[in-house]
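User: Could you take a close look at one strand for me and tell me how it sits among its neighbours? I'd like the whole picture in one go.

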Amino acid sequence: MKPTLYFVTCLIAILGLTSHTEAIEVQGVEGENVKIDCRYPKGFENYEKYLTDVRYKRNNALIRSKKPNTLVTEGRYTMYDNTATRVFTITIKEAQMSDAKTYWCAVERTLRDDYTEVKLTVRPGVKSYAGEEGGSVKIECRYPEGFENYEKYLTDVRYKQNNALIRANKHNTLVTDGRYSLYDNTLEKVFTVTIKELLMSDAGTYWCAVERTLNDDYTEVRLTVHPGVTSRAEVIEVHGDEGGSVKIDCRYSQGFENYEKYLTDIRYKRKNALIRANKPNTLVMEGRYSLYDNTSATVFTVAIKELQMSDNKTYWCAVERTLGDDYTEVRLIVHPVLGVPRIQKVIRVHGEEGKSVKIDCRYQEGFEHYKKYLTSAGRVINDTVIKTEYSNTLVTSGRYSLYDNTSARVYTVTIRELRMNDAGTYKCAVDRQQTDDFIRVTLTFHPGVTSYAEGIEAHGEEGGSVKIDCRYPQGFGNYQKYLTDNKWKLHNALIRSTKPNTLVTDGRYSLYDNTSARVFTVTIKDLQMSDAGTYWCAVERTLNDDYTEIRLTVQAGVKSSEKDIRVSGTEGGSVMIDCRYKNGYENSEKYLIDATRKLNNVLIRAKKPNTLVTEGRYSLYDNTSARVFTVSIKELQKSDAKAYWCAVERTLSEDYAEVRLTVQSELTTSDEVIKVHGTEGGIVKINCRYPEGFENYEKYLTEVRYKRNNALIRANKPNTLVTWGRYSLYDNTAARVFTITINELRHSDSGTYWCAVERTMNDDYTEVKLTVH
């Protein structure tokens, strides 16, 4: 017995790897790619791997690996053996229903190959159906054997059983609900949904669903609806006065938003269009005609100005379609002017940016009790700025006000806080029954401050400071000012003024608003290379804030590439080494080398400028605009602590800058306590610093130490603003500081918190004491 036992023991040792009994189940979708991940034990990294659908037949391999860590392609199959994770992945492209069967992932060995069973199922892909507006469409939904007695339904909201448009209560019985009907043919395992009287709004995505105990089974269906013939029998009748203008509203059916529209006086003659829409939601003008297609209201409006008696005839509003255009008849009746003549006067007014302007609009006797309004000429039709409700009563709307003095037969429009884009043409109008009476108004004005709207160029040097002067117009002295690096985001202000003519400081930023000079000055100190970018000086106003763009460039503080570089990191973390070089070497190759300075000891080399290169634990990025190439080393080891050289490859001799790297033991919890104060209803910022090498670790704020799940807010990505309720967090990896902002402070917020860096073993905590006054 002993020799036999010895033989069995040796055999087990020789065989080592045993076949896996646990099968892998993989699901795919017809027409899409399917991935199969096959794991294997340590020690088999350099063995050949393959996929087969015939077990114990090596020659029947569908695809076989040639080399580890190398992509192999064979027809619709690709394979990649990742020896670092001990997983080889097979991808089947454009899966077919016939691919659904059993496969085996195999590792080729000397005595007997190792097999892992793979069961692949393939679901039908997305089916597309089409119907015509007003017609019907049938959608066929197949399901697998064994689900004959399960309920079936159609929905347009996936994972919502209660949103079923129709549901089968009985099998092999027609179920009807409104425009929907469903018939479940259990013999052929197909249930058919019919939708009748199709609408353009029916187009979209649906799901055929089989209701199951845990998760329902869904098959996606896409439905398109083509517009039907919708010619209108109704006739539009409009009236206008000779010399005046008229508007014709032409309605069309939903689904024709992107079709061309036109007006013609000869039916069935596209080329005789008096005016044609080229783009939806855009005003088109042609002589006396203008056309605006409002797709949200499914109405296109044609305006005819300076009406003549010869315009008195029949027209057609038309929608251009592939088979036959859709026409609506229009009868225009033009009346000769017998009463009050129209006023032809043109008013020209001037104002100054930031100030107010008044426009006096006179009208003839007899129109005292008609409504008056101001409209924007040359813009969207019916773009009324302000309109009266009653005579001799002041009406206000935003920056506009209107007063109609009937005794003087003058109504006055006032525009406040003038802006540059207010300049243009307007119309004073009297609202009459048949056609409105217009006076053209041209508004021009001078800028309140020269070069106010232009972009500002600011320059600084790393480690130094920069001042940015932001001018604003007269009349805005008491408005709040701020600096932001995120336009249209009020809460992203880097610093904000609280009082005019008072210095405000927040971290590296300070702001002083000099109201007498109408300039507020922002100072940024301790400049960093990451400060370079675009900012906006902003004046906070009621409707839209006023912005002036700033482009800030920061020059490197170190002038010579020969200076020694000293960096440190933490074991297990990562480190970044910034290697500066002189002007003129942007297109030269850069690399990192260990202390031997031998070319064959190059750890990583840049192939192209402004392109990230990765080699194992090393990566290199050459930023030619800043003349800095940055080397990153991740998963730091104690053995990495030594001397290196940043090198620029030159024609005669290389240019070296020495780098000394020290590697510290793992990060330990900080004893530092951060104390911050805030005011109830205000905001507070908490700056949490962390050591070099932990840039890509997750950060969070908690009020319960050692409880990751109790995080009040957590950073998912570095250098990205994360917001949750009243909390926001931004992790600035360049400065190794993550900043937490708490808005709308409450007295109950006072207490102890912890800034935390999430690590594999034990998280790193820094205590924060917050006091809210």
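Analyst: One term before we start: buried here means under 20% relative accessible area. Keep in mind, too, that this is a predicted model.

The strand I'd pick is β25, which runs over residues 299–304. It's mostly covered, with six of its six residues buried. Look at how the side chains split: V299, T301 and A303 point one way, while F300, V302 and I304 point the other way. Both sets are buried.

Now for the company β25 keeps. Strand β20 (residues 246–251) pairs with β25 in the antiparallel sense, over six bridges. Strand β24 (residues 289–294) also pairs with β25 in the antiparallel sense, again over six bridges. F300 is a handy place to see both pairings: C250 has F300 as its bridge partner in β25, and so does D293.

The link from β24 to β25 is worth a look as well. Those two strands form a hairpin with four residues between them. In that turn, T298 has a positive phi of about 50 degrees.

For a loop residue to set beside this strand, go to T733, which is placed between β60 (727–732) and β61 (737–742). T733 counts as buried because its relative accessibility is 14%, and the cut-off is under 20%. Its side chain makes a polar contact with the side chain of N719, at 2.9 Å. Leaving aside residues up to four places away in sequence, T733 touches Y690, E695, P718 and N719.

Terms used: Residues are numbered from 1 along each chain as its sequence is written. This is a predicted model: local features need pLDDT of at least 70, side-chain atom pairs count only at pLDDT 80 or more; totals for chains, interfaces and linings use all residues. Side-chain values use heavy atoms; hydrogens and water are left out. Buried means under 20% relative accessible area, exposed over 50%, partly exposed in between (1.4 Å probe, protein chains only). A polar contact is a pair of N or O atoms within 3.5 Å; within protein, one must be able to donate a hydrogen and the other to accept it, and residues adjacent in sequence count only if both atoms are side-chain atoms. Contact means heavy atoms within 4.5 Å. Two strands pair if DSSP finds at least two bridges between them.
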